[in-house]
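Student: I am new to this structure and would like to learn how its labels are justified. Could we go through some of them together?
Tutor: Gladly, here it is.

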Amino acid sequence: MIFLKTEDEIELMRAANQLVAATLAEVGRNIKPGVTTAQLNKIADEYIRDAGAVPTFKDFPNPFGGPFPASICTSVNDQVVHGVPNDKPLCEGDIVSVDCGAQLNGYNGDSCYTFCVGEVSEETRKFLHTVKESLYEGIKAARAGNRIGDIGWAVQSYCEASGLGVVREFVGHGIGREMHEEPQVPNYGRRGNGPLIKNGLCIAIEPMITMGNPQVYMEPDKWTIRTRDGHLAAHYEHTIAIHHGKADILSSFEEIEKIENQK
Ligand code: MG
Ligand code: MG
């Protein structure tokens with residue numbers, strides 16, 4: 001069942017997502033060679049709790065193993081999603097996808113950004129740019145009267161035109177009182193297929209894209225997902241609401257990008 005949100009609920013969702021955006025910016029301020037993802041997790045966890053919110057990833061159940069042990073996912077280089085923060089320092093030239101979720105006043109925010117650690121190669125920079133653009137292509141297709149398949153088609157065709165791989169095993173999702181609600185929002189699809197997009201629909205659109213083959217595998221920790229061929233992966237995510245027929249982006253990369261441009 002898809003729960004459409006009222007205007008008031010959309011504003012509550014915006015507040016939760018703005019907190020997630022501010023948390024990601026705070027994490028971004030601290031990303032540099034030598035910092036560990038465990039340190040970044042501590043920063044995010046404290047930031048969310050200080051705002052009176054709950055980090056929703058912490059203790060998130062896993063059908064394959066133990067609950068998620070941290071408040072953000074940190075996926076480095078060929079790790080695609082669900083990377084577990086650890087004590088290994090980040091290195092110059094790495095990329096790290098930081099996925100963050102928070103619940104504020106009963107509503108959820110969910111957003112992800114792939115950061116550069118120090119200077120990265122031109123090829124990597126171009127890859128990240130394309131993946132981020134694919135998110136906005138998906139958002140453009142998210143309007144009342146379109147279908148969920150139009151979003152996936154937009155992301156997929158944009159990425160594949162650049163020779164990139166679209167991961168099939170993980171998808172975007174509806175979001176509201178629960179972090180994961182219906183419908184599923186794949187990053188691949190056929191135009192005109194899937195559930196109808198209506199005003200009040202709140203979804204997280206989140207391309208998970210590889211520089212090579214899209215096949216992935218799960219590490220023995222039962223969380224971390226990596227590319228099979230060892231190529232880089234990137235992940236950008238916004239939570240949006242369909243508002244007056246169009247996508248209203250409830251999360252934000254504005255502060256993050258300001259910080260990234262100052263580095
Ligand atoms: Mg997320
Ligand atoms: Mg999500």
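Student: Why is the sulfur of Cys159 too far from the closest cysteine sulfur for a bond?
Tutor: Keep in mind that this is a predicted model. The closest cysteine sulfur to that of Cys159 belongs to Cys112, at 14 Å. A disulfide needs two cysteine sulfur atoms within 2.5 Å, so Cys159 does not form one with Cys112.

Student: And what makes Cys91 too far for a bond?
Tutor: The reasoning runs along similar lines. Cys116 holds the cysteine sulfur closest to that of Cys91, and the distance is 14 Å. Set against the limit of 2.5 Å, that is too far for a bond. For the structure as a whole, the count of disulfides is 0.

Student: Why is Cys159 called buried, and why is Cys91 called partly exposed?
Tutor: Buried means under 20% relative accessible area, exposed means over 50%, and partly exposed lies in between. Cys159 has 0%, so it is buried. Cys91 has 43%, which falls in between, so it counts as partly exposed.

Student: Which residues coordinate the magnesium ion (ligand 1)?
Tutor: Asp99, Asp110 and Glu237 do, through side-chain oxygens at 2.0 to 2.7 Å. Donors must lie within 2.8 Å of the metal, so these distances qualify. Along the chain the donors follow the spacing D-x10-D-x126-E.

Student: What parts of the chain does the pair Asp110 and Glu237 tie together?
Tutor: Asp110 sits in strand 5, while Glu237 is in the loop between strand 13 and strand 14, so the pair links parts 127 residues apart in sequence. Asp110 also bridges two magnesium ions, ligand 1 and ligand 2, which are 3.2 Å apart.

Student: How do you know that Asp110 is buried and that Glu237 is buried?
Tutor: Asp110 has 2% relative accessibility, under the 20% limit, so it counts as buried. Glu237, at 0%, is buried by that rule too.

Student: What makes strand 2 mostly covered?
Tutor: Of its 5 residues, 5 are buried. Ile72, Thr74 and Val76 cover one side, and Cys73 and Ser75 are on the other.

Student: Why do we say that strand 2 and strand 4 pair?
Tutor: Pairing takes at least two bridges, and these strands have 5, so they pair, in the antiparallel sense. Within this pairing, Val76 stands opposite Val96 in strand 4.

Student: Which residues does Ile31 touch?
Tutor: Among them are Leu40, Val96 and Phe115. Ile31 is also one of the residues with the most contacts inside the largest nonpolar core, which has 55 residues.

Methods. Residues are numbered from 1 along each chain as its sequence is written. Chains are lettered from A and ligands numbered from 1 in the order in which they are written. This is a predicted model: local features need pLDDT of at least 70, side-chain atom pairs count only at pLDDT 80 or more; totals for chains, interfaces and linings use all residues. Side-chain values use heavy atoms; hydrogens and water are left out. Buried means under 20% relative accessible area, exposed over 50%, partly exposed in between (1.4 Å probe, protein chains only). Helices (H or I, at least four residues) and strands (E, at least two) are DSSP runs, numbered from the N terminus. A nonpolar core is a set of buried Ala, Val, Leu, Ile, Met, Phe, Trp, Tyr and Cys residues joined through side-chain atoms within 4.5 Å. Contact means heavy atoms within 4.5 Å. Lists of a residue's contacts leave out its neighbours within four places in sequence.
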